[in-house]
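User: Could you take a close look at one strand and the parts around it, and then walk me through the salt bridges and the odd backbone spots? I'm in my first year, so plain words please.

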Amino acid sequence: MDKKTIEAALNTDYVGRDLEFYPVIDSTNNVAKAAGDEGRASGFLAVADRQDAGRGSRGRSWISPAGHNIFMSLMVRPKIPMDKVSGLTLVMALSVSEALDKAMTAAGVSDDVRTGIKWPNDIVLNKRKICGILTELHMMPGSGEYFVVIGCGINVNQPSDLFAEEIRDMAGSVFSETGKELDRSKLIALCMKYFEENYARYVERCDLSLLKDEYEKRLLNRDSKVKILDPKGEYEAVALGINKEGALLIKNEKGESEEIIAGEVSVRGLYGYV
């Protein structure tokens, strides 16, 4: 995987066409932020073979050995109200899930083995997390304009013994779960293709109404009991789906309907990660 192999695989109009590749870097999100600050066009993509200071959700680090996985950050300048930016995290989750499924099919993985989404943005394969997504909004000083950086870490060809022991029961890769290796450059290109298409649909409506059905087909918690990890107290509920804003719709133990907003609470399966 290098800049030439990624560029050769790309099939987009603009997403990923302005590309920087690094054998090793601190964080691709930092590169994408710098590109945004410099005024580079929407669609800039930073990719690394390994990163030393990757950031996950809630301040966690993202383990990133070289030669196996994908670490990439996309910078976009969406012409949408700022309060709609959080939905882009779900747009990327859907896009990565679609890309992974297509790549696995091409690699000969059975159609019975497919990725799913644990709301809002974790990609899961065989009940193990294989991709995390972190979205950051940045203001342009003095202009009132903003840009968004969407970082993705995808565990592609990493053997299970390279995962830290404390996360081995919940983290995996395409290779550890299927025994198949994927071409990382082609997978990046697929992610960008699906994102470009899904992003256009999101921006058209400023919500997920055109993507909701496809997202919910992949929503692993749908119609299942889940544990809501609210700072005010944990409780159980049934996940019903999402609304067009990307909130998780649930029915609590009293039979009342609620909307759960990403970032405020976490959702887990009753007996495991999913």
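Analyst: Val148 sits in strand β7, which covers residues 146–154. Keep in mind that this is a predicted model. How accessible is Val148? Its relative accessible area is 0%, so Val148 counts as buried, given that buried means under 20%. Now look for Glu136: Val148 and Glu136 are twelve residues apart in sequence, but their C-alpha atoms are 5.7 Å apart in space.

Let's move on to strand β6, which runs over residues 128–139 and holds Leu137. Leu137 is partly exposed, with a relative accessible area of 34%. Together with Met82 and Met139, Leu137 forms a nonpolar patch on the surface. The accessible area of these three residues together is about 250 Å².

Just ahead of β6 there's a loop worth a look. Asn126 lies in the loop between β5 and β6, and Lys127 is found in that loop too. What is the phi of Asn126? It's near 55°, a positive value in a residue other than glycine. Lys127 also has a positive phi, near 70°. Here's the background: most residues other than glycine have a negative phi, and most peptide bonds are trans. As for accessibility, Asn126 is partly exposed at 39%, while Lys127 is exposed at 66%.

There's a backbone oddity of another kind at Trp119 and Pro120: a cis peptide bond joins them, with omega about 0°. Pro120 belongs to the loop between β4 (116–118) and β5 (122–125).

Now for the charged pairs. Side chains of opposite charge can pair when their charged atoms come close. Lys129 and Asp122 do this, meeting in a salt bridge at 3.5 Å, N to O. Are these two buried or exposed? Lys129 is buried, with a relative accessible area of 14%, and Asp122 is buried as well, at 11%.

Searching the whole structure turns up 15 salt bridges. One of them joins Asp18 to Arg40, with the closest N and O atoms 2.9 Å apart. Asp18 is in the loop between α1 (3–9) and β1 (19–25), and Arg40 is in the loop between α2 (28–37) and β2 (44–51), so the pair ties together parts that are 22 residues apart in sequence. Both ends are partly exposed: Asp18 at 28% relative accessibility and Arg40 at 25%. This pair also has company, as Asp18, Glu20, Glu38 and Arg40 are linked in a network of salt bridges.

Another salt bridge brings together the side chains of Glu245 and Lys84, at 3.0 Å from N to O. This pair links distant parts of the chain, 161 residues apart: Glu245 is in the loop between β9 (233–242) and β10 (248–252), and Lys84 is in the loop between β3 (70–76) and α3. Glu245 is partly exposed, at 35% relative accessibility.

Last stop: the second largest pocket, which holds about 190 Å³ of space. Two elements, α3 (87–106) and α5 (184–205), give two or more residues to its lining. The largest share, five residues, comes from α5. By type, the lining divides into eight nonpolar residues, one polar and three charged. Among the lining residues you can find Ala103, Asp183, Lys186 and Leu190.

Technical notes. Residues are numbered from 1 along each chain as its sequence is written. This is a predicted model: local features need pLDDT of at least 70, side-chain atom pairs count only at pLDDT 80 or more; totals for chains, interfaces and linings use all residues. Side-chain values use heavy atoms; hydrogens and water are left out. On a 1 Å grid over the protein atoms alone, a cavity is a set of points where a 1.4 Å probe fits but cannot get out, and a pocket is an open set with protein on both sides within 12 Å along at least five of seven lines; lining residues have an atom within 4 Å of a point. Grid points are joined across faces, edges and corners, and a volume is the space filled by probe spheres set on the points. Helices (H or I, at least four residues) and strands (E, at least two) are DSSP runs, numbered from the N terminus. Ala, Val, Leu, Ile, Met, Phe, Trp, Tyr, Cys and Pro count as nonpolar, Asp, Glu, Lys and Arg as charged, and the others, Gly among them, as polar. Patches are made of residues with over 30% relative accessible area and no salt bridge: like charges are joined within 9 Å, nonpolar side chains (Val, Leu, Ile, Met, Phe, Trp, Tyr) within 5 Å. Accessible areas come from the Shrake-Rupley method with a 1.4 Å probe; for residues, only the protein chains shown count as cover. A salt bridge is a side-chain nitrogen of Lys or Arg within 4 Å of a carboxyl oxygen of Asp or Glu. Buried means under 20% relative accessible area, exposed over 50%, partly exposed in between (1.4 Å probe, protein chains only).
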